[in-house]
Each structure stands twice: as structure tokens, then as C-alpha cells.
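Got your viewer open? Load the model, switch to a cartoon view, and keep the selection box handy.

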Amino acid sequence: MDERTMIDLNAIPLLVLLPVSLAGGFALGLAYFRVLQISADLLVRGQRPLLALALTAGRFALVGAGLYGAVLAGGLVLLAAFAGVLFAKSLMLRKARGAIA
């Protein structure tokens, strides 16, 4: 067995990959939108704009790396990860509007 066989994502059953990617996308989305909220607060208050810029670059890199990892596993896995990100977005928006305590 060589190293390519050991890290082949196609060897993992789809019934395992989809829930894992959905949960991973949800965690990725929570982190992304929380950092977005922190960045926006920093910019609105006019405090530490370089930190806000670094956080913005970091969240783009995080989402890019996470979705790239999902792309390597296939289209359905990418869609599941993206659905997790969208679910996290809706949750964060509801929380920001005060619907969730």
C-alpha cells in the first residue's frame, strides 16, 4: 500500500463523508461569520484596522482551504460543506437579529 492509497478520499464511503463535511462546513461557517462580526465591529469603532484586515484575510484563507478540501472529495461533499456554511450563516443572522437568546 502506498501513500496515495492511504489518503484517497474516494475510499471513504459517501455516507460517512457527507455528514462529516456538513458538520465541518457548519463549523467553518460559524468561525467565518464570527470573525466577520469581530472585523465589522473593529472597523465601525475605528479600532485596530490592521487587525481587522488580518482577520479578513484569515477568514478568506480558512474558507478557501476548507472548501478546497471538500472539492478534493467530490461534488456532493462540496455541496454538503457549503450547505453547512449556509446553515451557520442563517443561525448567526437569527442570533444577530435577536431571535435566538
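What follows is a short walk through the chain, one selection at a time.

**Before you click.** This is a predicted model, so keep in mind that local features need pLDDT of at least 70, side-chain atom pairs count only at pLDDT 80 or more, and totals for chains, interfaces and linings use all residues. Residues are numbered from 1 along each chain as its sequence is written, and side-chain values use heavy atoms, with hydrogens and water left out.

**Stop 1: the whole chain.** Colour by secondary structure and you get four helices and zero strands. Along the sequence the pattern reads α-α-α-α. Helices (H or I, at least four residues) and strands (E, at least two) are DSSP runs, numbered from the N terminus. Of the 101 residues, 22% count as buried. Buried means under 20% relative accessible area, exposed means over 50%, and partly exposed is in between (1.4 Å probe, protein chains only).

**Stop 2: α2 and α4.** Select residues 14-45 for helix α2 and residues 75-97 for helix α4. At what angle do their axes cross? It is roughly 40°, and the axes come within 6 Å. Axes here are lines fitted to C-alpha atoms, for helices over the stretch in contact, and angles run from 0 to 180 degrees between N-to-C directions. That crossing makes α2 oblique to α4. For the naming, under 35 degrees is roughly parallel, over 145 roughly antiparallel, 65 to 115 roughly perpendicular, and the rest oblique. The crossing of α2 past α4 is right-handed; that word applies if the near helix is turned clockwise from the far one by less than a right angle, and left-handed if anticlockwise. The residues of this contact split into 18 nonpolar, five polar and two charged. Ala, Val, Leu, Ile, Met, Phe, Trp, Tyr, Cys and Pro count as nonpolar, Asp, Glu, Lys and Arg as charged, and the others, Gly among them, as polar.

**Stop 3: ring pairs.** Rings of Phe, Tyr and Trp (its six-membered ring) pair if their centres lie within 6.5 Å; planes under 30 degrees apart are stacked, over 60 edge-to-face, and the rest tilted. By this rule there are two aromatic pairs. Show Phe26 and Phe87 as sticks: the ring centres are 5.2 Å apart and the planes sit at 35°, so this pair is tilted. Phe26 is in helix α2 and Phe87 in helix α4, so the pair ties together parts 61 residues apart in sequence. Phe26 is partly exposed at 22% relative accessible area, and Phe87 is partly exposed too, at 47%. Now pick Tyr32 and Phe33, with centres 4.9 Å apart and planes at 85°, so they are edge-to-face. Buried or exposed, these two? Tyr32 and Phe33 are both buried.

**Stop 4: α2 and α3.** Add α3 (49-73) to the view. Helices α2 and α3 pack at an angle of about 165°, with axes 9 Å apart. That makes α2 roughly antiparallel to α3, and the crossing is left-handed. Select Ala52 in helix α3: it is buried, with a relative accessible area of 1%. From its C-alpha atom to that of Leu36, 16 residues away along the chain, the separation is 8.9 Å.

**Stop 5: Arg48.** Finish in the loop between α2 and α3, where Arg48 lies. Most residues other than glycine have a negative phi. Arg48 has a positive phi of about 45° although it is not a glycine. Arg48 is exposed, with a relative accessible area of 57%.
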